[in-house]
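Colleague: I would like to go through this model step by step. Please give the reasoning before each result.

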Amino acid sequence: MNSVSPYLHPIEIGPADIDFMGHVNNASYLTWVQDAVIGHWRSRAPAEAVARHLWVALKHEITYRRPTFLGDTVVAQVLLEKVQGARAFYETLIRRGEEVVAEVRSSWCCLDAETRRPTRPAREVIESFLSGK
């Protein structure tokens, strides 16, 4: 991980997240990660970059550490690790307090919002994410 402070994305667990075993269904974690990474982009990128680019997930690797339940307070801690061309690599930790309940490594592709083709975000935008400025 780099030295930039992570983006914190609060997660609300709803009844629809709960599966037949009484804890959060694994599929909900995918939704949480997508919402958190997109929230990270929208909160830190300039408005014109947000309007010009879309991000789509290419791959998620999730390691589940502990189950989560209705009523738990959880937060996604998102950190952009690196960008290579049109691809971005993220680490997202799902936390309940200090406890890590899931670790997610994901890769994403930046698309031009108009053409829907892969595109590189502007260097200065990416540098601002990686430097925290």
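Colleague: Which residues does Val 78 touch, not counting residues up to four places away in sequence?

Modeller: This is a predicted model, where local features need pLDDT (the predictor's confidence in each residue, from 0 to 100) of at least 70, side-chain atom pairs count only at pLDDT 80 or more, and totals for chains, interfaces and linings use all residues. Residues are numbered from 1 along each chain as its sequence is written, and side-chain values use heavy atoms, with hydrogens and water left out. Contact means heavy atoms within 4.5 Å. Leaving out residues up to four places away in sequence, Val 78 touches Pro 6, Tyr 7, Ala 36, Val 37, His 40, Tyr 90, Glu 91 and Thr 92.

Colleague: Is Val 37 buried or exposed?

Modeller: Val 37 is found in helix 1; helices (H or I, at least four residues) and strands (E, at least two) are DSSP runs, numbered from the N terminus. Buried means under 20% relative accessible area, exposed over 50%, and partly exposed in between, with a 1.4 Å probe and protein chains only. Because its relative accessibility is 3%, Val 37 counts as buried.

Colleague: Which element gives the most to the largest nonpolar core?

Modeller: A nonpolar core is a set of buried Ala, Val, Leu, Ile, Met, Phe, Trp, Tyr and Cys residues joined through side-chain atoms within 4.5 Å. Of the 28 residues in the largest one, Trp 32, Trp 41, Trp 55, Val 78, Tyr 90 and Ile 94 touch the most other members. Elements that each supply at least two residues include strand 1 (7–11), strand 3 (74–84) and strand 4 (87–96). The most, 7 residues, come from helix 1.

Colleague: Why are the buried residues of helix 3 on the same side?

Modeller: In helix 3, Val 125, Ile 126 and Phe 129 are buried. They lie on the same side of helix 3 because they cover an arc of only 95° around the axis, taken from the directions from the helix axis to the C-beta atoms. On the other side, Arg 123 and Glu 124 are exposed. The arc that answers the question is 95°.

Colleague: How many disulfides does the count come to?

Modeller: A disulfide is a pair of cysteine sulfur atoms within 2.5 Å. For Cys 109, the nearest cysteine sulfur is that of Cys 110, 7.0 Å away. Cys 110 counts as buried because its relative accessibility is 0%, but Cys 110 is in no disulfide. The count of disulfides comes to 0.
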